[in-house]
Amino acid sequence: MEWWSVTAALTAVVFVLFYRFMKVYDFFEKRGIPYYKPVPILGSIWKAMLQRTTFAEATKEIYNINSEAKYVGFFDFATPVIALRDLDLIKSITVKNFEHFPNHRTFQDDKSDPLFSKNLFALRGDRWKDVRTLLSPAFTSSKMKAMFVLMRDCAKQYGDYLASIPPDQRILELKDAFTKYTNDVIATCAFGIEVNSMKDPKNKFYVYGKEATSFGRAQSFKFFLIRTIPRLSSMLGIRVVQLKIVEFFKDLVATTIRTRDEKGIVRPDMIQLMMETRGKLGPGKELTIEDMTAQAFVFFFGGFESTSTLMCFAAYEIGVNEEIQKRFQEEIDQVLEDCKGEVTYEAINDMKYLDAIINEALRMYPVIVAVDRACVKPFELPPALPGMKPHVVQEGEFLWLPIYGIQHDPVHFPEPHKFNPDRFYDDPKKAYNSGALLMFGMGPRMCIGNRFAILEAKVLLFHIFAKCTFKPCSKTTIPMKLSKKGFAMTAENGFWFDIQPRSNASPLLVNSVCSNGVAC
């Protein structure tokens, strides 16, 4: 039934898009804005849709249409979109004039896919402000410090596991192992449950999470259908997340809340924070179980896939660059010596070279290659090129932040295709302050969980490379080739390495102490 719905939707979308396309194909021509030439129906992103290129490269091609322009145009199917190139203009749109562009593009209605339509990313207006204010305290320094202990214990288990793999099994693909780690961390930090996906890879939390966040060809196609024609997709029952997965997470959140209420359990996690708002938000603003599930799920959805991907790319670059790996392990050993084997929250955050590696991985491989903004009241853009007229963005029109294009622009980052952590080593805030690093967005709509994601990645990389050395093997693709399947950024042939226990690992590791006081 579902594929019948998809087929019907495809037929409908072809007619709708063709009609729209014929009406708007001259949108940018009339306004004198440089734009990426489209093809009927598929618009300007046709190469990526037909898997002739990656979505990252498609973003960069659009960005590079005219290197002198402050912005350029393209067609997202039949929808005209303006891609911003000028960093000052991006700051103006996302920060100073945020009230003109406070929302993302509408995804789907509440009833058909509540995990997507009710989460913080999709919410709009006052409801977004209320939920954002509610969730922000989950990521304060004190909360992060408490969650660090949970991350550290989990990361140490994975470091021990990888270091103890038998010699005949040491050639390993990283994505599976790293995804299990992010799954376990988010399970405990967001949902307050304990799982061990290495020992029990068939636990529902991991299985359903992987299914919900795996955007292959079919999943990506459904996503674009829903985003392009949300009402028709809803009528036909097309969903990104299957109903059984929605019900699983709703039951999980409801059971967790009921158990905590009955037993007086208090934990430093997102569900606890939402529980404490009950009776305080006022009529019509209270969070339902569905609302709470949506917030916890988007935290899971973002962290499960994007953070594990970040760690894969960072570990890949460490593994294929011997000098970077040596320098990183020297920093790790120094921290272990200074901390007498027990790594602290402060020590992890003070590691300059690890921080530089993470920043460079985020620059070179932003998991989200572009992000949009929806206009809610008219706003005048300056001329795209000297001598041209200003352009007024109207309500209901869209702008685009081409993250991948900006972060691979040699004007902002010399030799953009070279992995060079040193560009962030001495002054890591320079690129952030310039506005050239946009992997988490900018302004009030910036990703609320960015500090959590970075800390989660740092903790795992620390514990793995403290005990292991990565060696390229016959399956390691050098140089990196990005996959053209789906819109999620990942390696074409996976992240394969020969993972060996370090012969010169710090002796302090054997005396390190877990948070529960047991010798590790």
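# A walk from the β3-β9-β8 sheet to strand β4

Start by selecting β3 and strand β9 (residues 496–501), which pair in the antiparallel sense over 3 bridges. Keep in mind throughout that the model on screen is predicted.

**Stop 1: the sheet**

Show Leu172 and look across to β9, where its bridge partner is Phe497. Now add β8 to the selection: the 3 strands form an open sheet in the order β3-β9-β8, with antiparallel pairing. Which strands stand at the edges? They are β3 (171–173) and β8 (468–471); each has a single partner strand, so one side of each is left without a neighbour in the sheet. From one strand to the next, the twist averages 45°. Next select helix α8 (residues 141–163), which packs on this sheet and touches β3, β8 and β9. The direction of α8 makes about 60° with that of β8.

**Stop 2: salt bridges**

Show the charged side chains of the whole chain; the count comes to 21 salt bridges. Select Arg152 and Asp153, whose closest N and O atoms are 4.0 Å apart in a salt bridge. Arg152 counts as buried because its relative accessibility is 10%.

Now move to Asp333 and Arg502, another salt-bridged pair, with 2.9 Å between the closest N and O atoms. Asp333 belongs to helix α16 and Arg502 to the segment after β9, so this pair ties together parts that are 169 residues apart in sequence. At a relative accessible area of 8%, Arg502 is buried. Then select Lys156, Asp160 and Lys467, which are joined into one network by salt bridges that share partners.

For a pair with an exposed member, go to Asp26 and Lys30, whose side chains meet in a salt bridge (3.7 Å, N to O). Lys30 is exposed, with a relative accessible area of 63%.

**Stop 3: a buried glutamate in α16**

Return to helix α16 and colour residues 322–338, the stretch that includes Glu331. What is the nearest side chain of opposite charge to Glu331, and how far away is it? It is Arg327, 7.5 Å away; Glu331 is buried and has no salt bridge. A salt bridge needs a side-chain nitrogen within 4 Å of a carboxyl oxygen, so a distance of that kind does not qualify. To see what surrounds Glu331, display Met351, Lys352, Tyr353 and Leu354, its contacts once neighbours within four places in sequence are left aside.

**Stop 4: strand β4 and its partner**

Select strand β4 (residues 371–374), the strand that holds Arg373. Both faces of β4 are covered: Val371 and Arg373 are buried on one side, and Asp372 and Ala374 are buried on the other. That arrangement follows a common pattern. In a regular strand, side chains alternate between the two faces of the sheet. Add strand β7 (residues 398–401), which runs antiparallel to β4 and is joined to β4 by 4 bridges. Within this pair, Val371 stands opposite Leu401.

Now zoom in on Arg373. Like Glu331 at the previous stop, which is buried without a salt bridge, Arg373 is buried and has none. The nearest side chain of opposite charge to Arg373 is Asp372, 5.4 Å away. Look instead at Met442: the backbone oxygen of this residue lies 3.4 Å from a polar atom of the Arg373 side chain. Show the residues touching Arg373, not counting those up to four places away in sequence; they include Thr94, Phe101, Asn103, His104, Glu397, Phe398 and Arg445.

**Stop 5: Thr79**

Phe398, just met beside Arg373, is also in contact with Thr79. Select Thr79 in strand β2 (residues 79–84). Is Thr79 buried or exposed? Thr79 counts as buried because its relative accessibility is 12%. Leaving aside neighbours within four places in sequence, its other contacts are Phe74 and Arg105. The side chains of Thr79 and Arg105 make a polar contact at 3.3 Å. Draw a distance from the C-alpha atom of Thr79 to that of Val24: they are 55 residues apart along the chain and separated by 7.9 Å.

**Last stop: the whole chain**

Zoom out to the full cartoon, where the protein chain has 21 helices and 9 strands. Of its 520 residues, 55% are buried. Among contacts between residues at least 6 apart in sequence, 75% join residues at least 24 apart.

Methods. Residues are numbered from 1 along each chain as its sequence is written. This is a predicted model: local features need pLDDT of at least 70, side-chain atom pairs count only at pLDDT 80 or more; totals for chains, interfaces and linings use all residues. Side-chain values use heavy atoms; hydrogens and water are left out. Helices (H or I, at least four residues) and strands (E, at least two) are DSSP runs, numbered from the N terminus. Buried means under 20% relative accessible area, exposed over 50%, partly exposed in between (1.4 Å probe, protein chains only). Lys and Arg count as positive and Asp and Glu as negative; His and the chain ends are not counted. A polar contact is a pair of N or O atoms within 3.5 Å; within protein, one must be able to donate a hydrogen and the other to accept it, and residues adjacent in sequence count only if both atoms are side-chain atoms. Contact means heavy atoms within 4.5 Å. Two strands pair if DSSP finds at least two bridges between them. Axes are lines fitted to C-alpha atoms, for helices over the stretch in contact, and angles run from 0 to 180 degrees between N-to-C directions.
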